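Reader: I would like to go through the charged pairs and the nonpolar surface of this model with you, one question at a time. Could we begin once the structure is in view?

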Amino acid sequence: VVAPATWSQLAVDIAASKYFRGKETSVRQLIDRVVDTITKAGIKGGYFSKKDALVFSREIKYLCAQQMAAFNSPVWFNCGVRENPQCSACFILSVDDDLMSIFELAKTEAKIFKYGSGAGSNFSRLRGRDEALESGGKSSGLLAFLEVLDRGAGATKSGGTTRRAAKMV
């Protein structure tokens with residue numbers, strides 16, 4: 001792995017093990033992939049001219065190489081790898097007091113975790129354990145579902161690497 005001499009061994013190990021994609025073997029290739037993708041999108045979207053884009057690109061690459069700034073993990077995982085990359089660090093999701101809504105949440109979280117982002121949910125709408133259901137039964141309660149969702153986050157390696165997916169409740 002080729003990296004700036006000023007980087008700690010831990011920083012090099014993290015970059016190589018978590019963020020390198022395809023044939024990347026250097027931090028420069030990693031930074032170029034991400035920053036070049038963002039720069040091209042800025043030009044295409046009319047955000048800046050080609051001249052301004054060159055300045056932007058050089059400055060962001062310098063900041064990243066000198067560890068003066070860094071992107072969040074989903075940017076490093078996905079930018080320049082996918083056509084429409086998921087680059088947000090966290091998504092806030094809703095859930096209704098309904099069995100299908102709870103399991104739809106599990107499906108949505110799996111998609112989010114797959115590309116390295118985390119998910120947060122507010123479960124205040126869900127009824128408590130032993131509360132009556134319309135069918136005449138009793139609710140198993142929030143904790144039963146949290147256990148299932150937590151296991152899903154633990155089983156899904158964030159961004160396809162070794163890190164457990166982030167789940168906030």
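Reader: Are E109 and K167 buried or exposed?

Author: The model is a predicted one, and in it E109 forms a salt bridge with K167, the closest N and O atoms being 2.6 Å apart. E109 lies in helix α5 and K167 in strand β3 (residues 167-168), so the pair ties together parts that are 58 residues apart in sequence. A residue is called buried when its relative accessible area is under 20%, and by that cut-off both E109 and K167 are buried.

Reader: Which residue forms a salt bridge with D96?

Author: D96 belongs to the loop between β1 (90-93) and α5 (99-114), and its partner sits in the loop between β2 (118-121) and α6 (142-155), 29 residues apart from D96. The closest N and O atoms of the pair are 2.5 Å apart, and the partner of D96 is R125.

Reader: Does R125 count as buried or exposed, and at what relative accessibility?

Author: The term exposed is kept for residues over 50%, with partly exposed covering the range between that value and the 20% limit for buried. D96, with a relative accessible area of 39%, is therefore partly exposed. R125 passes the upper cut-off and so counts as exposed, its relative accessibility being 52%.

Reader: Which residue forms a salt bridge with K61?

Author: K61 is in helix α3 (residues 50-65), and the pair links distant parts of the chain, since the other member is in helix α2 (residues 27-44), 25 residues apart. That other member is partly exposed, with a relative accessible area of 29%. The closest N and O atoms are 2.7 Å apart, and the partner of K61 is D36.

Reader: How many salt bridges does the count come to?

Author: Side chains of opposite charge can pair when their charged atoms come close. The rule applied here asks for a side-chain nitrogen of Lys or Arg within 4 Å of a carboxyl oxygen of Asp or Glu. By this rule, the count of salt bridges comes to eight.

Reader: Turning to the nonpolar surface patch, which element contributes its largest share?

Author: The patch is made by L99, M100, F103 and V148, and has an area of about 390 Å². L99, one of these residues, is found in helix α5, and at 45% relative accessibility L99 counts as partly exposed. The largest share of the nonpolar patch, three residues, comes from α5.

Key
Residues are numbered from 1 along each chain as its sequence is written. This is a predicted model: local features need pLDDT of at least 70, side-chain atom pairs count only at pLDDT 80 or more; totals for chains, interfaces and linings use all residues. Side-chain values use heavy atoms; hydrogens and water are left out. Helices (H or I, at least four residues) and strands (E, at least two) are DSSP runs, numbered from the N terminus. Buried means under 20% relative accessible area, exposed over 50%, partly exposed in between (1.4 Å probe, protein chains only). Patches are made of residues with over 30% relative accessible area and no salt bridge: like charges are joined within 9 Å, nonpolar side chains (Val, Leu, Ile, Met, Phe, Trp, Tyr) within 5 Å. Accessible areas come from the Shrake-Rupley method with a 1.4 Å probe; for residues, only the protein chains shown count as cover.
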